[in-house]
Amino acid sequence: MDALISFLVLSFLPRLVVPDVPTLTSYRAIVEIVSGKSRIFTGERLHLRCIIPDVYKASWDYLWFRGSVQLPWSGEVLQLWNANIKESGKYSCQGKRETQVGSIKTQRSLPEEIHVDGGFVILQTPQHPILVGDVLDFECRLRGKAPVQKTILYRDGVEVMVQSGSSLYFHLANVTLADEGMYSCRVSWDLSRRTHSVISVATPVNILEVLTQPVLEIDAEGAELEVTKINLICHLQYNARAPAPPVNYYFYQNNNLLGPSTSLNKIKVRQAPGWYSCRAKVPRLDIIRWSEPKRFGKVTGLHLMPPDPHHRNQMSSSPSKSPPHISLAPATQPATPKPFAATPSFNQHTEGSEQSSMHSELPVPTSLPPPDQFPGQTKAPKP
């Protein structure tokens, strides 16, 4: 009898096994710089904090990584007290906690890249994304103190701004996509009848459009069982800072407006051959962007082109005198070199007015100096 009971208990044990529990949470850890900046000199300190977006405020342990290597540190704040060049790299973190069913981890954070510079000058750039129209601020940070007499800012090795005196700050107003590039700075001064000059390592500066040019997708299969319908999807990237004002979408067939504006980036319309396009507008920012026309089905004849894509701070072009039924290639204008001076000048542009009626919406390395020089002499970069 006892043997029979033991057999029955053992036969039911597999049913009592606890089901598998996910070992990875749905939320991702976040790394932020608490003190210091992403570019520091050797010998300086930097503190990074790992944030776990846990609404339940559970207790977590912390795993730190530089690249793919796990670091021997388990605290919430990672401290670099006396940084050296070897500690440069991409830092990330991950939360971990023990439960009754085993270990649970968060998704690893996106990396925060830290540069430790062993030279004498660093070009500090903004850590937040730079948008078209923003002011771009630079600091040419010098190790130690020196009687600075001249500072030069370079983009891609070409002189952008020169200023005399002790100021180590540069400001570029109303930036455009043309201002992207690799930036560096040079600091010069005279001491003991000798001229000293040091240059920073080049730093990349990326500039984003607030609203990118839309790309229209025509999805016939996504219309499900409605074989007489197609989906028009207007894809774009919207980079406005929070709180971002809404985007209005307009859809066109052969330059005829397909209904009123919508806050959704897609609509479903009757399937018909023609040239389709979409337009995105942010009224509060006075930005408008057009997609390139896209053909659907068999289309005969020439298609109508919408106006040249335009947006804030872009010069409004004069009305085209060509017949509207003629397909015109987008005009290509050579870029005008921007003059470099101590105080840069930028062209102010305004967007053309828009017709109000819906029926009128037809698209009419830091150089290390010799020991006897501080910081030392380096050659100017070649344009």
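Which cysteine forms a disulfide with Cys50, and how far apart are their sulfur atoms? The partner is Cys93, and the two sulfur atoms are 2.1 Å apart. The legends below describe this link and other parts of a predicted model.

**View 1. The whole protein contains one helix and 28 strands.** Of the 383 residues in this predicted model, 37% count as buried. The protein exposes about 23,100 Å², and carbon and sulfur atoms supply 56% of that area. Three disulfides are found in a search of the whole structure. With bonded cysteines counted along the chain, the disulfides follow the pattern 1-2, 3-4, 5-6.

**View 2. The disulfide of Cys50 and Cys93 joins strand S4 to strand S8.** The sulfur atoms of Cys50 and Cys93 lie 2.1 Å apart. Cys50 belongs to strand S4 (residues 46-51) and Cys93 to strand S8, so the pair links distant parts of the chain, 43 residues apart. The torsion about the S-S bond is about 80 degrees, so this disulfide is right-handed. Cys50 has a relative accessibility of 0% and therefore counts as buried. Cys93 is buried too, because its relative accessibility is 0%.

**View 3. Strand S9 pairs with strand S8 and with strand S1.** Strand S8 (residues 89-99) runs antiparallel to S9, and the two pair over four bridges. S8 and S9 form a hairpin, with two residues between them. One of the bridges joins Thr99 to Gly102 in S9. Strand S1 (residues 24-28) pairs with strand S9 (residues 102-107) in the parallel sense, over two bridges. Leu24 has Lys105 of S9 as its bridge partner.

**View 4. The disulfide of Cys140 and Cys185 joins strand S13 to strand S17.** The sulfur atoms of Cys140 and Cys185 are 2.0 Å apart. The link is right-handed, with 85 degrees about the S-S bond. Cys140 lies in strand S13 (residues 136-142) and Cys185 in strand S17 (residues 181-191), so the disulfide ties together parts that are 45 residues apart in sequence. Cys140 is buried because its relative accessible area is 0%, under the 20% limit. Cys185 also has a relative accessible area of 0% and is therefore buried.

**View 5. Tyr154 in strand S14 is placed beside Ser184 in this view.** Strand S14 covers residues 150-155 and includes Tyr154. Is Tyr154 buried or exposed? Tyr154 counts as buried because its relative accessibility is 4%, and buried means under 20%. The C-alpha atoms of Tyr154 and Ser184 are 5.2 Å apart in space, although the two residues are 30 residues apart in sequence.

**View 6. The disulfide of Cys234 and Cys278 joins strand S22 to strand S26.** The S to S distance between Cys234 and Cys278 is 2.2 Å. With 70 degrees about the S-S bond, this link is right-handed. Cys234 is in strand S22 (residues 229-235) and Cys278 in strand S26 (residues 274-282); the pair links distant parts of the chain, 44 residues apart. Both Cys234 and Cys278 are buried.

**View 7. Arg284 sits in the loop between S26 and strand S27.** Strand S27 covers residues 287-290. Arg284 counts as exposed because its relative accessibility is 68%, and exposed means over 50%. Which residue, 39 residues from Arg284 along the chain, has its C-alpha atom 6.6 Å from that of Arg284? That residue is Pro245.

**View 8. The second largest pocket has a volume of about 530 Å³.** Of the 23 residues that line this pocket, the closest to its centre are Ser38, Thr125, Pro126, Gln127 and Pro204. Which strands each supply at least two residues of the lining? They are strand S2 (30-35), strand S10 (112-117), strand S11 (121-124), strand S19 (203-205) and strand S20 (207-208). By residue class, the lining of the second largest pocket comprises eleven nonpolar, eight polar and four charged residues.

Definitions and conventions:
Residues numbered from 1 in each chain as written. Predicted model: local features only at pLDDT ≥ 70, side-chain atom pairs only at ≥ 80, totals over all residues. Heavy atoms only, no water. Buried < 20%, exposed > 50% of the residue type's maximum accessible area, 1.4 Å probe, protein only. 1 Å grid on protein atoms, 1.4 Å probe; cavity = no way out; pocket = protein on both sides within 12 Å on 5 of 7 lines; lining within 4 Å. Points joined across faces, edges and corners; volume = space filled by probe spheres on them. Nonpolar A, V, L, I, M, F, W, Y, C, P; charged D, E, K, R; others polar. Areas by Shrake-Rupley, 256 points an atom, 1.4 Å probe, with all protein chains shown as cover. Pairing = 2+ DSSP bridges. Disulfide = S-S within 2.5 Å.
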